[in-house]
Amino acid sequence: MDVFKIANYVGYLHCDSAVKIAFPGVQALFILVQTYFLWLHAKDCVQLQQNITRCGLMLTLSTNLMLWMAAVTEESIHQTVVLPEDGNSTHSYDIRAPGGSSSCNCSHSACAVLEKAYYYLYPFNIEYSLFASAMAYVMWKNVGRLVDEHNHHSLHFRLKDVLVGPAVGLVMLVAGLGTFVIYKVDVESGEPGKRDTALMIHYVMNTVAVTLMSVSTVAGCAIYRLDQRDHVSGRTPHGAWM
């Protein structure tokens, strides 16, 4: 999304601020460094420089929440429909210029495609920021935590158990993309019959997906509670706060 944003904003450099290119560039760098950090150190229980580590993790968490709020706000502004002064027609609000005007024209022909493309990627960045915030919070809780050796269990690896989750998730992803494409095509066609059918399919798919996710979450919580093995669930030792 940040690459598309930068390529799009390059076309407006002749009449707009260069800060709009700097921000997605810094954001892309932050996401890459953070992903590398979480990939390597998500399971670490830091025992040295605990206060500095907690401060850094809270700063990371706050930055992710800021990026999440900014993405939600930009996506909402893009979806906002405003009435022009004559009141005869509606148009989408343009965030490139004050008041929704589009007097600043792009210098290359790919701007329209890039702008439409990166708006479809907003949900992925929003979800990434939320997941990264949750992982930063878990790492903050694990600072100073000591795990006993006897808590480690031998795990039995079975391929079918590992593939069930990703397979079901892939099916849901393909089904969601398929219904979304049908929804966009049929709604924009303007035919009332196709429009109603597309809306029905779209909302039924969302209802089924949310229901399955909720049932899976409840089942997972129940299995976790009924599991007789020892769990590392205690709070961070008081000595870690010293």
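**View 1. The largest pocket of the predicted model holds about 1300 Å³ of space.** Of the 32 residues that line the largest pocket, Pro123, Phe124, Leu173, Gly176 and Leu177 are the closest to its centre. The lining of this pocket draws at least two residues from each of α3, α4 (111-120), α5, α6 (159-189) and α7 (192-226), and α6 gives the largest share, with 12 residues. Sorted by residue class, the lining of the largest pocket comprises 18 nonpolar, nine polar and five charged residues.

**View 2. Pro123, one of the residues closest to the centre of the largest pocket, is placed in helix α5 (residues 122-142).** Pro123 is classed as partly exposed because its relative accessible area is 37%, a value that falls between the limits of under 20% for buried and over 50% for exposed. Between Pro123 and Val72 the separation in sequence is 51 residues, while their C-alpha atoms are 8.5 Å apart in space.

**View 3. The largest cavity has a volume of about 110 Å³.** The residues closest to the centre of this cavity are Met1, Gln27, Leu67, Ala71 and Asn125, out of 14 that line it. The count of cavities of 30 Å³ or more comes to one. Helices α2 (19-41), α3 (50-79) and α5 each contribute at least two residues to the lining of the largest cavity, with the largest share, five residues, supplied by α3. By class, eight of the lining residues of the largest cavity are nonpolar, four are polar and two are charged.

**View 4. Helices α3 and α5 are shown where they take part in both linings, each supplying at least two residues to the largest cavity and at least two to the largest pocket.** In α5, Asn125 is among the residues closest to the centre of the largest cavity, whereas Pro123 and Phe124 are among those closest to the centre of the largest pocket.

**View 5. Two of the spans that UniProt lists under "transmembrane region", in an unreviewed entry, are residues 21-40 and 119-140.** The other spans listed there are residues 52-71, 161-183 and 203-226. In the predicted model, residues 21-40 are 100% helix and 0% strand, and the C-alpha atoms at the two ends of this span are 29 Å apart. For residues 119-140, the model gives 95% helix and 0% strand, with the end C-alpha atoms 32 Å apart.

Note on methods: Residues are numbered from 1 along each chain as its sequence is written. This is a predicted model: local features need pLDDT of at least 70, side-chain atom pairs count only at pLDDT 80 or more; totals for chains, interfaces and linings use all residues. Side-chain values use heavy atoms; hydrogens and water are left out. Helices (H or I, at least four residues) and strands (E, at least two) are DSSP runs, numbered from the N terminus. Buried means under 20% relative accessible area, exposed over 50%, partly exposed in between (1.4 Å probe, protein chains only). On a 1 Å grid over the protein atoms alone, a cavity is a set of points where a 1.4 Å probe fits but cannot get out, and a pocket is an open set with protein on both sides within 12 Å along at least five of seven lines; lining residues have an atom within 4 Å of a point. Grid points are joined across faces, edges and corners, and a volume is the space filled by probe spheres set on the points. Ala, Val, Leu, Ile, Met, Phe, Trp, Tyr, Cys and Pro count as nonpolar, Asp, Glu, Lys and Arg as charged, and the others, Gly among them, as polar. UniProt positions are given in the numbering used here, feature names are shortened, and annotations may be inferred rather than shown by experiment.
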